[in-house]
Amino acid sequence: MNYTNGKYVFDIQNLNCYYGSFRAVKDTDLSIESKKITAFIGPSGCGKSTVLRTFNRMNDLIPSARVTGEVLFHGQNLYDPDVDPVEVRRRIGMVFQKPNPFPKSIYENVAWGARINGFKGNMDELVEQSLRQAALWDEVKDKLDQSGLGLSGGQQQRLCIARTIAPRPEVILMDEPCSALDPIATLKIEDLMRQLVKNYTIIIVTHNMQQAARVSDYTAYFLMDRDDRAGLLIEYGVTNEIFTKPKDQRTEDYITGRFG
Amino acid sequence: MTVSASTRTIAKTAAAAKSDLHKRLRLGESFIEAFLFFCGAVSILTTLGIVFVLGKESLLFFTSGEVTLWEFISGTEWQPAIGRFGIWALLNSTLMVTAIAMLVALPLGLAVAIYLSEYASLRARSILKPVLEVLAGVPTVVYGYFALTFMTPFLRSIFGDEIVQIYNTAAAGIVIGILVLPLVSSMSEDALHAVPYALREAAYGLGATKLETAIKVVLPAATYGVAAAFIVAISRAIGETMIVAIAAGAGPSFTFNPFESAETMTGHIVRISGGDLSYDSIDYNSIFAIGLMLFVMTLTLNIISRHVVKHFREEYE
Amino acid sequence: MSVKPDSSVASYPEDDGLQSFVKRRHRQGLTWRIVFQAATIVAILALLALLYNIIIGSFGYVALQNKIEPESLHVDGMPLEELSKEQLVIILSEHISKGLMRRLEHDQPFTERTRQDVYNLVIERVVEQRVVKSWSLTVSFFKRDEIETFMAGLPQGKLEFRSWLHWNFLITPQSSTPELAGIRTAIFGTLWVIFITVAVAFPLGVGAAIYLEEYAAHVGNPWLRRLNAIIQTNINNLAGVPSIIYGMLGLVIFVRVMEPLTSGAFLGAVEDATTANGRTILSAGLTLAILILPLIIINAQEAIRAVPNSLRQAGMGLGATKWQTIWHHVLPNAIPGILTGNILAMSRAIGETAPLVVIGASTFITVDPNGPFSKFTTLPIQIYQWTARPQDEFRNIAAAAIIVLLVLLLTLNASAVLLRNRYGKKSL
Ligand SMILES: Nc1ncnc2c1ncn2[C@@H]1O[C@H](COP(=O)(O)OP(=O)(O)O)[C@@H](O)[C@H]1O
Ligand SMILES: [Mg+2]
């Protein structure tokens, strides 16, 4: 594997995640390359979302969640006691499984994140730019003052992406962003991701193997340990290699659909 | 993982200086959280206040030397003027009013609940629910007026003026029953509603009629929820004040005749404190002893009811 | 698989027997259905009886009698209605005591009074028309002979149909004569008290609800966690405490312990320190605020809980602080529910009587309250006091006051329902 000429944004070391006393993810090490798309695949419940949420400390919002190990972001451990999760999240944005626009106007949806993060520039410009980057501008430019809830599911999700990139994060986390969308809307988001990756580092959780193969540069395969039901990173590498010549038998079973 | 070992150094050197994620001092946030916590803590202060106030004044009452605790909880005569403080004179009428109220509210409330949940059409519900809500929203002083100017004359026209006194516990009790009826019916209906539909289907599938399903399957399944409603209703009736203050009569009297006037605990508190009483007199202290008793009774009932409800929820959720 | 004939099958009723058995069960079902329906009708009848009783108390015939017939007061054959203000003042001074005259002059000099005002004084103080007897609406309609017999024994009397609820009833202050009494002071008292109640209970209640819903679960400190659980249980328990207990709490804490504060003495606001002591609008408002606090908290918690989690995640995911997320997203979506609950709690407070009697509402005040440190009376207190009087006329004005109170509450509740229907169903 050839990682050495990349530039790494995240470096996870010996990560363990717990919900109460249940260990959901164990002993995971992983590095994420900058301006690339990394996909997390694996069966449901194996801890993909949990790992993803450690990247911007969204796990903090779940009262029972606890994390040990290090999540280094440019060398700084995000779980250091003196790190401010609010600061983390403005640099590392997130798009959720179900489109969740605010029940406000389209414009406000995009502007709000920028405003609370102290954006002082031309807001109209920023909103337009963000919507353009999210490939939504042409569809909504005439109805910016209408509610974001009036859009179709795919449009809503692109609105959420526009909203996420408005504060100009460095990384965008996406947790199964297309699972609630139809195939055409899904395709649009996938194209969009290929555009966005020129400027952003993207990590996406998906259970759609096709999607992982199509859009991602790197792929990480997670699996649940049979004994303690804890999630575990099985194999990680360049997407092409994972899908054509996986090293681990379990990975091969999964991607060839023989998983059971 | 072998993967990251080779990259770790790169990650570390890749500029930790990028931009700092250090904790900001968010004074506003901390201040707001502290304020919100204070808002929640006010309720604790309220409870402590109630316990302290009732406890302290009651203590003064019992240490005044005019009455012993035993006299208080066993006596049947309440005559402060001659130093008689027997709670049964008041407690008895409270219990009597409550019993009469429950005779009205429990069967009626439960029947209404069964009708609403098992029989009523959507249209009937849409009329009945607001009627019950209005009944529940009428201030108790209005019910007091109703008891005195309607229920009492009504009872007198049935049983005769010689038998039914102008102030009596029967009229007050019946009207309290009407007052708590919406409470009983809505809580019971919620309980009946929570019984899974599958249970009804099972009963129908065995050839049960609607009545048999409602009475022999749904109602038993909702026992705990209905019981909780009954207990809350009892607690409400015990604590109800204005109806008895207006219609049950002034002056404690230990009687089991519902057509005679008899002052209840709450009625007594209102009458004594409504007058010009001087603080630190034995009369003043005595109402706190009554209040403490009232508080303990209603609190106990409410706690029991909530445990019963919890039991019910665990059964079906 | 072969099935052996089951002997127990024979134990079931068959054919004719079965039919009559099923019939009987259906009959039974029908009977009980009628019982359930009857119970429901009883509930409706109770409400109707309540309303009927109030309406018939507010309208009906009254027998009126004058102490001095207006005809005997004519000056030069001119009826009272046409006399000038000066002539009326003279009539007044001829018929009432000097002391009363001085007091009226002191209240407002006669030179400044309008003619109408003086005319009213003459009618009130000199003619002194009094209600001798009043009949309810039903009696007025169906027992005319009873009324006529009574009137026959009252040669000077005048029979008049009266609505006890009229405009003057709303705008005149209290009086010891029922036909002159109004609820002006009580309405002002209610408005003042409720204003303070809501001003205190709303922010505290919503604040507590936010804390319990949004912060309490994320507290790490085990002691604080324990405390938060206690707070929640405690609030549920407080909601079931009888209102009179809150009155006793208010009596000791607000009226006595905090008297310097609640009487306004700390501001030097009271000219006459003996008038109200701590028995002020402020004490009443605070007492009711404590009383409805649990209701507001529980309702607001429900409203906040109904806001979907995805909004919180979206907000926090953008790098908003907790409070920013709550303020910009959670609260705006919860506010219709919070307001609905608040209005319901407010109507509860408006109807409360017992705690205010206990903390010492004034039984008789004729001047408008002029601030939080005034003595007070409220609508329910008025109703209570009038109902408790044995004379029929007081019952009549109690009924009229009840109508006002119910209309006020109905308006409030209707607005709550509107709010709920308008915003409650908005999907997120
Ligand atoms: N909020 C939570 N509380 C408790 N357990 C959770 C929570 N979220 C996830 N889990 C558990 O953690 C494990 C991993 O979940 P998740 O990360 O959502 O898996 P994936 O995204 O791969 O489907 C699962 O067993 C799941 O049941
Ligand atoms: Mg997931």
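In which helix of chain B is the place of S93(B)? The residue sits in helix 4 of chain B, a helix that covers residues 88–119. Please keep in mind as you read that this is a predicted model.

## Three buried residues

Let's stay with S93(B) for a moment. Its relative accessibility is 0%, and because buried means under 20% relative accessible area, S93(B) counts as buried. If residues up to four places away in sequence are set aside, S93(B) touches T169(B), A262(B), E263(B) and T264(B).

Chain C offers another example in N234(C), which belongs to helix 9, residues 222–238. With a relative accessibility of 9%, N234(C) also counts as buried. Which residues does N234(C) contact once its neighbours within four places in sequence are left aside? They are S43(B), I44(B) and T47(B). You may also like to compare N234(C) with V127(C) in the viewer: the two are 107 residues apart in sequence, and their C-alpha atoms are 60 Å apart in space.

In chain A, have a look at L52(A), a residue of helix 1. L52(A) is buried, with 0% relative accessible area. Neighbours within four places in sequence aside, L52(A) is in contact with F40(A), M94(A), L173(A), M174(A), D175(A), I203(A) and V205(A). From L52(A) to P246(A) there are 194 residues in sequence and 23 Å in space, C-alpha to C-alpha.

## Around ligand 1

Helix 1 of chain A leads us to the ligand. Around ligand 1 you will find Y19(A), F22(A), A24(A), S44(A), G45(A), C46(A), G47(A), K48(A), S49(A), T50(A) and I62(A). Sorted by class, this shell holds five nonpolar, five polar and one charged residues. Helix 1 of chain A contributes the most to the shell, giving three residues.

The table lists contacts that oxygen atoms of ligand 1 make with chain A.

| Residue | Atom on the protein side | Distance to an oxygen atom of ligand 1 |
|---|---|---|
| G47(A) | polar backbone atom | 3.1 Å |
| K48(A) | backbone N or O atom | 2.9 Å |
| T50(A) | polar side-chain atom | 2.4 Å |

On its own, ligand 1 has 550 Å² of accessible area, and the protein covers 66% of this. Two elements of chain A give two or more residues to the shell around ligand 1: strand 2 (22–33) and helix 1 (48–54).

## Helix 3 of chain A

Is helix 3 of chain A largely enclosed or largely open? Eight of the eleven residues of this helix, which spans residues 106–116, are buried, so helix 3 is largely enclosed by the rest of the structure. The buried residues are I106(A), N109(A), V110(A), A111(A), W112(A), G113(A), A114(A) and I116(A). Within chain A, they pack against helix 4 (123–133), helix 5 (137–140) and helix 6 (153–165). From chain C, helix 13 (309–317) and helix 14 (322–351) join in this packing.

## Where the chains meet

Chain C and chain A touch through 20 residues of chain C and 25 residues of chain A. About 1800 Å² is buried between these two chains, with 69% of that area given by carbon and sulfur atoms. On the chain C side, M316(C), L318(C) and H329(C) supply 31% of the area buried against chain A, more than any other three residues.

Now for chain B and chain C, where 76 residues of chain B are in contact with 77 residues of chain C. Between them, these chains bury about 6600 Å², 75% of it on carbon and sulfur atoms. Which residues of chain B lose the most area to chain C? L36(B), F37(B) and Y145(B) do, and together they account for 10% of what the chain B side buries.

## Positive phi angles

A few backbone angles in chain A are worth a look. K35(A) is not a glycine, yet its phi is positive, near 55°. K35(A) lies in the loop that links strand 2 to strand 3 (37–41) of chain A. At 42% relative accessibility, K35(A) counts as partly exposed. R229(A) is likewise not a glycine and has a positive phi of about 60°. The loop holding R229(A) runs between strand 9 (218–224) and strand 10 (231–238) of chain A. Finally, G118(A), just after helix 3 of chain A, takes a positive phi of about 80°.

Terms used:
Residues are numbered from 1 along each chain as its sequence is written. Chains are lettered from A and ligands numbered from 1 in the order in which they are written. This is a predicted model: local features need pLDDT of at least 70, side-chain atom pairs count only at pLDDT 80 or more; totals for chains, interfaces and linings use all residues. Side-chain values use heavy atoms; hydrogens and water are left out. A residue is near a molecule or strand if one of its heavy atoms lies within 4 Å of it. A polar contact is a pair of N or O atoms within 3.5 Å; within protein, one must be able to donate a hydrogen and the other to accept it, and residues adjacent in sequence count only if both atoms are side-chain atoms. Accessible areas come from the Shrake-Rupley method with a 1.4 Å probe; for residues, only the protein chains shown count as cover. Helices (H or I, at least four residues) and strands (E, at least two) are DSSP runs, numbered from the N terminus. Ala, Val, Leu, Ile, Met, Phe, Trp, Tyr, Cys and Pro count as nonpolar, Asp, Glu, Lys and Arg as charged, and the others, Gly among them, as polar. Buried means under 20% relative accessible area, exposed over 50%, partly exposed in between (1.4 Å probe, protein chains only). Contact means heavy atoms within 4.5 Å. Buried area is the accessible area (1.4 Å probe) that two parts lose on being put together, summed over both.
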